Each structure stands twice: as structure tokens, then as C-alpha cells.
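Trainee: I would like a close look at a single part of this model, taken slowly and with its surroundings. Could you walk me through it once the structure is in front of us?

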Amino acid sequence: MPAAYRDFLGRTNGGAPAQPAVHPGFGFVLDQPLFGFRDDRAQDLGYVNAWFGDRLTADWLAIGHVQGGLLTLRLRGADAGAVGWLDDDDPRDRDGFTAEEVCERLMRRVADDFATFWTGLRPVPSDLAELAANVAAGAELAAPDGCGALLPRSHRRDTA
């Protein structure tokens with residue numbers, strides 16, 4: 001495992017930035033902890049990587065979800081240590097892509113190493129945060145007729 005990431009993992013167990021952050025030039029927001037060694041298997045670095053075999057080759061390690069995709073770390077090869085990003089909304093993606101094709105065609109290189117990636121994070125610009133808050137403030141809960149009808153009564157939302 002590359003030294004800068006191993007050091008970060010040892011100190012933070014997959015910590016998060018102090019506030020939501022963006023990386024200039026990339027369309028994601030990091031607002032949650034990266035994967036670590038945890039009881040919650042959905043956040044456990046060892047467990048979650050078993051689920052990305054259709055997206056990542058053995059050269060890449062998934063290190064965390066971001067709003068907008070998946071952060072990865074290159075483990076081997078000439079570019080070992082580099083941080084990559086798979087965009088959830090990449091229009092080039094195809095259902096039939098193999099892990100090799102995903103890594104070759106869709107992986108975007110964010111930084112040479114984890115330390116450079118981490119220090120390159122910036123707070124979400126205030127105008128973007130304000131826009132998001134205003135849009136969210138106008139949202140309404142969608143509850144179409146029959147929504148949850150197949151759930152046991154103990155799990156249904158009270159509609160009265």
C-alpha cells in the first residue's frame with residue numbers, strides 16, 4: 001500500500017475533511033469519511049472492495065464514496081500511489097465494460113499521490129453551498145399512492 005495513504009489510514013482510519021470539500025477541476029464533493037477498518041461493512045475497506053470487482057482491476061483499491069462517484073488508489077504499476085476518480089455520471093460508461101475497460105477508459109487521475117490529493121481539497125465555494133441549500137429548501141417529499149404498501153405495517157410511514 002502506498003506510504004502516504006497507509007499513513008493517513010493509520011492516523012485516521014479513513015477520516016473525512018473537517019467540512020465538505022471539492023478538488024479543483026473535478027466534479028465531486030467529499031463530505032463523508034473514506035473507507036477504514038470498521039464494524040459497518042458498507043464502510044469497511046477490506047469488505048467493500050470485494051464488491052467492486054466488476055469496476056476495478058486488482059491494480060486499483062476503492063478508498064471511498066464521494067458525492068459524484070468513487071475515489072480509488074493505484075496499488076501497482078508505474079503510477080502506483082496515484083489517486084483516481086470514477087464519475088458516477090460518466091456518459092462514456094457502458095453496461096458491458098469489463099473492469100479493465102473501466103480502469104483504462106473511465107478512471108480520471110486526480111493526483112500523483114494521496115498526500116497531494118488531500119492537500120488539494122478545498123472547501124465547497126459559498127455560492128455553490130448556498131445554491132444547494134436553496135434548491136433543497138424547495139424540495140418536497142415524494143409519496144405516490146401505494147408507496148410502501150408491500151412493507152410490513154411496522155415499517156410503513158404513518159400517512160394520517
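In what order do the strands of the open sheet of 3 strands stand, and what is the sense of their pairing?

Mentor: Please keep in mind throughout that this is a predicted model. The order in the sheet you ask about is β2-β1-β7, and the pairing is antiparallel. At its edges stand β2, residues 29–30, and β7, residues 122–123, each of which pairs on one side only. Strand β1, made of residues 21–22, is joined to β2 by 2 bridges, the two strands running antiparallel, and if you look for the bridge partner of Ala-21 you will find Leu-30 in β2. In general, strands of a sheet pair through backbone hydrogen bonds, in either a parallel or an antiparallel sense.

The loop between β1 and β2 deserves your attention next, and His-23 is one of the residues placed there. His-23 has a relative accessible area of 9%, and because buried means under 20%, His-23 counts as buried. Its side chain has a polar atom that lies 3.3 Å from the backbone oxygen of Phe-117. When neighbours within four places in sequence are left aside, His-23 is in contact with Phe-28, Val-110, Thr-116, Phe-117, Gly-120 and Leu-121, so Phe-117 appears both in this list of contacts and as the owner of the backbone oxygen just mentioned.

Pro-24 lies in the loop between β1 and β2 as well. Not counting residues up to four places away in sequence, Pro-24 touches Gly-120 and Arg-122; Gly-120 is also among the contacts of His-23, while Arg-122 falls in the range of the edge strand β7. From Pro-24 to Ala-82 there are 58 residues in sequence, and the C-alpha atoms of the two are 16 Å apart in space.

To set this part in its context, turn to the other open sheet, in which 4 strands with antiparallel pairing follow the order β3-β4-β5-β6. Here β3 (60–66) and β6 (108–111) stand at the edges, and because each has a single partner strand, one side of each is left without a neighbour in the sheet. On average, and with direction ignored, neighbouring strands of this sheet are turned by 35° against each other. Although β3 is an edge strand, this strand is mostly covered, with 6 of its 7 residues buried.

Strands β3 and β4 pair in the antiparallel sense over 6 bridges, with Trp-60 opposite Arg-74 in β4. Their hairpin has 2 residues between the strands, and Gly-68 takes a positive phi near 120° there. Further along the sheet, β4 (residues 69–74) pairs with β5 (residues 83–87) over 5 bridges, again in the antiparallel sense, and Gly-69 stands opposite Asp-87 in β5.

Helix α5, residues 126–137, offers a contrast in cover, since the count of buried residues among its 12 residues is 0. At 1.5 Å a residue its 12 residues should span 16 Å, and the end C-alpha atoms are 16 Å apart, which agrees.

A last point concerns the cysteines. The structure holds 0 disulfides; Cys-103 counts as buried at 13% relative accessibility, whereas Cys-147, with a relative accessible area of 57%, is exposed.

Technical notes:
Residues are numbered from 1 along each chain as its sequence is written. This is a predicted model: local features need pLDDT of at least 70, side-chain atom pairs count only at pLDDT 80 or more; totals for chains, interfaces and linings use all residues. Side-chain values use heavy atoms; hydrogens and water are left out. Two strands pair if DSSP finds at least two bridges between them. Axes are lines fitted to C-alpha atoms, for helices over the stretch in contact, and angles run from 0 to 180 degrees between N-to-C directions. A disulfide is a pair of cysteine sulfur atoms within 2.5 Å. Buried means under 20% relative accessible area, exposed over 50%, partly exposed in between (1.4 Å probe, protein chains only). The expected span of a helix is 1.5 Å times one less than its number of residues. A polar contact is a pair of N or O atoms within 3.5 Å; within protein, one must be able to donate a hydrogen and the other to accept it, and residues adjacent in sequence count only if both atoms are side-chain atoms. Contact means heavy atoms within 4.5 Å.
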